[in-house]
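Student: Please take a close look at one residue and its contacts, and then place that residue within the wider assembly. A single connected account would be preferred.

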There are 2 protein chains.
Amino acid sequence: MGSLNTDDILDGQFAGDCLQKPLDPDEFRRHGHMVVDFIADYYKDINKYPVRSQVEPGYLRKRLPEAAPNHPEPITDILRDVTNHIVPGITHWMSPNYYAYFPSSGSTAAFLGEMLSTGFNVVGFNWMSSPAATELESIVMDWLAKLLHLPSQFLFSGGGGGVLQGTTCEAILCTLSASRDQALTRLGRNHIGRLAVYGSDQTHCAVQKAAQIAGINPSNFRAVPTRREDAFALTGESLRLSVEKDIAAGLTPIFVCATVGTTSSTAVDRLLEIADVAKEYGMWLHVDAAYAGSACICPEFRHFIDGVEGADSFSFNAHKWFFNNLDCCCMWVKRPEALVAALSTNPEYLKNRATESRQVVDYKDWQIALSRRFRALKMWMVLRGYGVANLRNYLRAHVRMAKLFEGLLRLDCRFEIVVPRYFSTVCFRLLPPRCGERDVDEKRTNELNQQMLESMNAEGKVYMTHAVIGGVYVIRFAAGGTLTEERHVREAWAVVKEHAGKVMASG
Amino acid sequence: MGSLNTDDILDGQFAGDCLQKPLDPDEFRRHGHMVVDFIADYYKDINKYPVRSQVEPGYLRKRLPEAAPNHPEPITDILRDVTNHIVPGITHWMSPNYYAYFPSSGSTAAFLGEMLSTGFNVVGFNWMSSPAATELESIVMDWLAKLLHLPSQFLFSGGGGGVLQGTTCEAILCTLSASRDQALTRLGRNHIGRLAVYGSDQTHCAVQKAAQIAGINPSNFRAVPTRREDAFALTGESLRLSVEKDIAAGLTPIFVCATVGTTSSTAVDRLLEIADVAKEYGMWLHVDAAYAGSACICPEFRHFIDGVEGADSFSFNAHKWFFNNLDCCCMWVKRPEALVAALSTNPEYLKNRATESRQVVDYKDWQIALSRRFRALKMWMVLRGYGVANLRNYLRAHVRMAKLFEGLLRLDCRFEIVVPRYFSTVCFRLLPPRCGERDVDEKRTNELNQQMLESMNAEGKVYMTHAVIGGVYVIRFAAGGTLTEERHVREAWAVVKEHAGKVMASG
């Protein structure tokens, strides 16, 4: 079990060795060890690769055969192809130098949990199909709710409950469907064309997409404008204006999504104000803390979700910044019965005594799909394998890294921090020469930053992505990678400075 | 890397050893090896456990603490809890004696592929985010389409294309949304309340649920009745009757789901006839071959999907009977642009040159969620690790096992095969004494079979489930487990005989 490098593994005693059976414990063991070593080596060597893949569209089709092989091929040969053909086409989300989008915070503990889940391979659609899958999920969701100090109505003991979805998109589609069906039960099915759904112009596209899938008239989706002076937060006042205008036009507002940590700039919508408006107009309030929810297990960040008491549902993505490998979205609702009313099915072939006893949760009625993986093992492994104190420490370390990067930017007057940094993401831009002067040429500045970003990413030492906030093109530096250390942040700063100099010189 | 038993692993050199970092290659390696051994031992010992979990609702909450631990716990301790507290609550879908629902056919190759996917942990929402994830998926979907002899319009080269969804539920919701939006573009948004969706009374509940999520009026979902004399297949004639009645009532039929291998009885709807009706009325035809699609890579089974040429989309679950661990649903469409029109989003923060060049597939626009795992690695590993010839052999072996079980039942006049067996699932029942006599007391017979099934499952040597088909309670024997061999089938037959004798004697 020592450290092997990939070539040793692939040229070792198993070279040429094909799988003889679809599943055999000894073959499983041998090949499982080989792939563990392969991945450990990948993490060890991850700095060798450009962070953002540099391949061209269609690169892989040229390299692979046109049809599946008729005869088995040795796993060693396949792994060699992974190295030669797949790795070059991967953007290395696990790299310590990955600062793009939001992190994909895989960890050792989560990997182990995912292995167990894949190994048991249970299809946990209802309690009966594998009681442990349902019960462990309910338990870890209560654990997490306590860590986040969610109101007791979100816990099972308080009449609510949590569920692990794949992604926030699914969480929003489920809650939106529940709110739609509540409204239609009251107003009649013919009213569907007059239901309205709200987010801000900073809300993730998932809400608009969910509304479209749920059959909401696309012209009744509102991206309520935000303003720079509100730090791009959705306010109660602007929501109310939009809602009242729609009501006057004969529409019925049913759902608002408030975001804690928007994708573009990590803005935080004003939950308390929004909850008041939602309550007044009988709307379902979902709080999407996909990215920033994780930080709220630290007391010093918990205030960012103040107001969640007024929400009907809350979610965050544990695969973003809570050390769970993709996918793992934690969602809570106050009234599971509203979800079940919209999403339940009860065919004969799934009938069973436990369901009929009404003593169990059947999670198939809390989500879109019937089948579901045993994701709770992963979360349980993360919570126990690291412990809450260390998880808080890891999160704080990422915030410190972002602060460090922000501090370095602030010391260099060529750069501007475009929006306040709340968590581990810094939105900045390079300003054209004439340091400190007013009346920036916005168009030119945007182009300059676009050039600088493309220049950095093409080099491959780091990977960052962009957003446009209030017309301003910003570069996003999102810390939170599990392998990232302070030294990587300092190296990233050196890369930024170098490319800034380069584009300044050429521009 | 030898064979260790779980206690050796857990009491070995790593006992008491906590993870020191969220991700460290050496810790990852050591603990990864430990969990591989743990799972290999689980497979070795899987016969020790009752197949269906025997725990009572709420068993786990009594055993676990009320809150997450503050400090890290050794992985060895967590694994010991898995053995002591989780395994008893698992229904062993991977057991060779598991014949319930449909199989969950995990394999060594798929496990290795899932490990790689979890290890790379890329979030492959668009091409840009990890080109290999998108390109490998397109390639393996073309490979599979060729194996299934799907019409060329389902291949990328023919203007169509395939995508890996999580489950059939998602596949149906996506295609149904596409068909709905096509219709609404033509008819206007206000028409949504008058759209109608069709399946049969044997169609999986996923279709009704998808229609409900997509905002179709629940009273416009048709479960067209099937008949015993048609072997519970949906026919063109009965579909046409239903469609014409709805049109006369002012509705617009938009979508029909035909099934190849229904959940209750593996019935096969009459695709050719249904395709004609769908074409005549401009409906989207989706063919759901969730279970039986896999078999169609064997020439002798391919005829079951004859008529797929007339479909707009086709899907099967590779996690059911194609040696992929959960989840992995293969779906093809002829016109990806219809999916994209219904499901695309294009926020600024995801804009990139590759997308703008229109030379790439962005799979986020082919599915519900934005984020997606690199599932293609798993399928690629299965296709290459076993090869097509062996995959066919494995599938044929399962069909032979079902034939063997069917043959044993036929030799015993106490039993009846209720519907024709086409694949690896046998639907049978025990008849009350008076062998061969007519006028069975259906109510008593149903109760008798329910008793026999519960008696078998409570014992735990095998696990089977039931369905009610045309008022008849049947026991389903679904072969296809990756560990199942002929000897297990003979043992299952012994169990059935024993419990039949027991309930006969007591009744």
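Tutor: Apart from neighbours within four places in sequence, Ile192(B) contacts Ile192(A) and Gly215(A) of the other chain, together with Arg180(B), Leu184(B), Ala214(B) and Gly215(B). The model is a predicted one. Within chain B, Ile192(B) lies in the loop that runs between α6 (168-187) and β2 (195-200). Its relative accessibility is 3%, so Ile192(B) counts as buried. Along the chain, Ile192(B) and Ile216(B) are 24 residues apart, yet 6.7 Å separates their C-alpha atoms.

The contacts of Ile192(B) with Ile192(A) and Gly215(A) lead to the interface between the chains. Chain A contributes 162 residues to this contact, and chain B contributes 162 residues. Between them the two chains bury about 14500 Å², of which 66% is on carbon and sulfur atoms. On the chain A side, the residues that lose the most area to chain B are Arg29(A), Tyr349(A) and Arg384(A), which together account for 6% of what that side buries.

A further contact between the chains involves Phe323(B), which touches Pro22(A). Phe323(B) occupies the loop between α10 (318-321) and β7 (329-333) of chain B, and its relative accessibility of 0% is why it counts as buried. Within its own chain, Phe323(B) touches residues including Ser105(B), Gly106(B), Ser107(B), Leu391(B), Tyr394(B) and His398(B). Val382(B) is also among the residues touched by Phe323(B); the C-alpha atoms of these two, 59 residues apart along the chain, are separated by 6.9 Å.

In chain A, helix α10 (residues 318-321) holds Lys320(A). UniProt, in an unreviewed entry, lists Lys320(A) under "modified residue: N6-(pyridoxal phosphate)lysine". Lys320(A) has 16% relative accessibility and therefore counts as buried. Beyond its neighbours within four places in sequence, Lys320(A) is in contact with Phe102(A), Pro103(A), Ser104(A), Ser105(A), Ala290(A) and Tyr291(A).

The nonpolar packing can be considered next. In soluble globular proteins, nonpolar side chains tend to be buried together. Here the largest nonpolar core has 320 residues, and the members that touch the most others are Phe314(A), Trp332(A) and Trp332(B). Leaving out residues up to four places away in sequence, Trp332(B) touches residues including Met141(B), Leu144(B), Leu148(B), Phe154(B), Phe314(B) and Phe316(B). Asp312(B) and Ser313(B) are also among the residues that Trp332(B) touches.

Ser265(A) offers another buried site: its relative accessibility is 2%. Ser265(A) is placed in the loop between β4 (252-259) and α9 (271-280) of chain A. Its side chain is joined to that of Thr262(A) by a polar contact of 3.4 Å. Farther along the sequence than four places, Ser265(A) touches Gln202(A), Phe232(A), Val419(A), Cys427(A) and Ile469(A).

The cysteines complete the account. Over all chains, the count of disulfides is 0. Cys257(A) takes part in none, and the nearest cysteine sulfur, in Cys169(A), is 11 Å away. Cys257(A) is buried, with a relative accessible area of 0%. For Cys296(A), the closest cysteine sulfur belongs to Cys298(A); the separation is 8.5 Å, which is too far for a bond because a disulfide requires sulfur atoms within 2.5 Å. Cys296(A) is likewise buried, at a relative accessible area of 1%.

Methods
Residues numbered from 1 in each chain as written. Chains lettered and ligands numbered in written order. Predicted model: local features only at pLDDT ≥ 70, side-chain atom pairs only at ≥ 80, totals over all residues. Heavy atoms only, no water. Core = buried A, V, L, I, M, F, W, Y, C linked by side-chain atoms within 4.5 Å. Buried < 20%, exposed > 50% of the residue type's maximum accessible area, 1.4 Å probe, protein only. Contact = heavy atoms within 4.5 Å. Helix = DSSP H or I, 4+ residues; strand = E, 2+ residues; numbered from the N terminus. UniProt positions renumbered as here; feature names shortened; annotations may be inferred. Polar contact = N/O pair within 3.5 Å; in protein donor to acceptor, adjacent residues only side chain to side chain. Buried area = accessible area lost by both parts, 1.4 Å probe.
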